[in-house]
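Trainee: I would like to learn how to read the empty spaces inside a protein model. Can we go through one together?

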Amino acid sequence: ILFVIFLLLLIFTRFYNLAGTARFTQDESSDLARMNEYYRNKQISLVGPISNDRSKVFSSLGYYMVMPFAVAFDFTPVSPVYGMAFLGTLTAIFMLLLVRSINKEKTILAGILITIWFPLVLVSRWAWNPHFVIFWASLALLLYQYRTKIGSWAYPFIGLFLGFMFHHHYVAILTTAPFLLFISIPLLKKKQFKPVILLAM
């Protein structure tokens, strides 16, 4: 019952009045135009958002993550935001499961904070490339928590998801690299080389 309430509140806080509050400026409009172009031309490209000073080109991974929603809503300005809200809802569920795997007693408190914490709600309602980072980070950490049940094959997926963070924005390396070291060093000390190799793959 508590999880159903949590899910309903998540849906409300992530989807309510998106059409009236979604940000749609130069970045969002150029992203939507490029997504439309890729879809119409059936084009697969690594080129995603380009910085305003034209000096940096980011991955198109985020485009393909929200493109089903853009297609479903006929590439209207709010269509990618529906995709972001859906991913934001999944992110919140991943975070709740992550907290529950660490400390079950904090699950209810975490659920409340995850539901109403403004920065987390904001990134779930704004289709901007850096905001995809938290989705992959939450999924990678959740997988790391359940690695003993999954087995050593959890490691290549952890590495893959952390790599996806870097695809969305290069600053993710500041968190990705230390965490990879945090995972790898204890394994190397125990001479468990296979998980490290799988992680690096």
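Trainee: Which helices each supply at least two residues of the lining of the second largest cavity?

Mentor: Keep in mind that this is a predicted model. A cavity is a space that a 1.4 Å probe fits but cannot leave. Here, H5 and helix H8 (133-145) each supply at least two residues of that lining. H5 gives the largest share, four residues.

Trainee: Which residues line the second largest cavity?

Mentor: The lining consists of Met84, Leu87, Gly88, Thr91, Val123, Ser124, His131, Ile134 and Phe135. They divide into five nonpolar, four polar and no charged. The space itself is about 40 Å³.

Trainee: How many cavities of 30 Å³ or more are there?

Mentor: The count is two. The largest holds about 120 Å³.

Trainee: Which residues lie nearest the centre of the largest cavity?

Mentor: Asp31, Met35, Pro80, Ala127 and Trp128, out of 16 lining residues. Next, look at the elements around them. Helix H3 (26-40), helix H4 (61-72) and helix H5 (79-102) each give two or more residues to this lining.

Trainee: What classes of residue make up the lining of the largest cavity?

Mentor: Eleven are nonpolar, two are polar and three are charged. Set that beside the second largest cavity, whose lining has no charged residues.

Trainee: Now the pockets. How much space lies in the largest pocket?

Mentor: A pocket, unlike a cavity, is an open set of points. The largest pocket here has about 290 Å³ of space. It is lined by 14 residues, with Leu2, Phe6, Thr107, Ile108 and Gly111 closest to its centre.

Trainee: Which element gives the most to the lining of the largest pocket?

Mentor: H6 does, with six residues. Helix H1 (2-15), H5 and helix H6 (107-116) each supply at least two. By class, this lining has ten nonpolar, three polar and one charged.

Trainee: What is the volume of the second largest pocket?

Mentor: About 210 Å³. Its lining has 13 residues, and Asp27, Ile50, Ser51, Phe58 and Trp128 are the closest to its centre. Trp128 should ring a bell: it is also among the residues nearest the centre of the largest cavity.

Trainee: Which elements each supply at least two residues of the lining of the second largest pocket?

Mentor: H3 and strand S1 (47-50). H3 gives the most, four residues. The classes here are five nonpolar, five polar and three charged.

Note on methods: Residues are numbered from 1 along each chain as its sequence is written. This is a predicted model: local features need pLDDT of at least 70, side-chain atom pairs count only at pLDDT 80 or more; totals for chains, interfaces and linings use all residues. Side-chain values use heavy atoms; hydrogens and water are left out. On a 1 Å grid over the protein atoms alone, a cavity is a set of points where a 1.4 Å probe fits but cannot get out, and a pocket is an open set with protein on both sides within 12 Å along at least five of seven lines; lining residues have an atom within 4 Å of a point. Grid points are joined across faces, edges and corners, and a volume is the space filled by probe spheres set on the points. Ala, Val, Leu, Ile, Met, Phe, Trp, Tyr, Cys and Pro count as nonpolar, Asp, Glu, Lys and Arg as charged, and the others, Gly among them, as polar.
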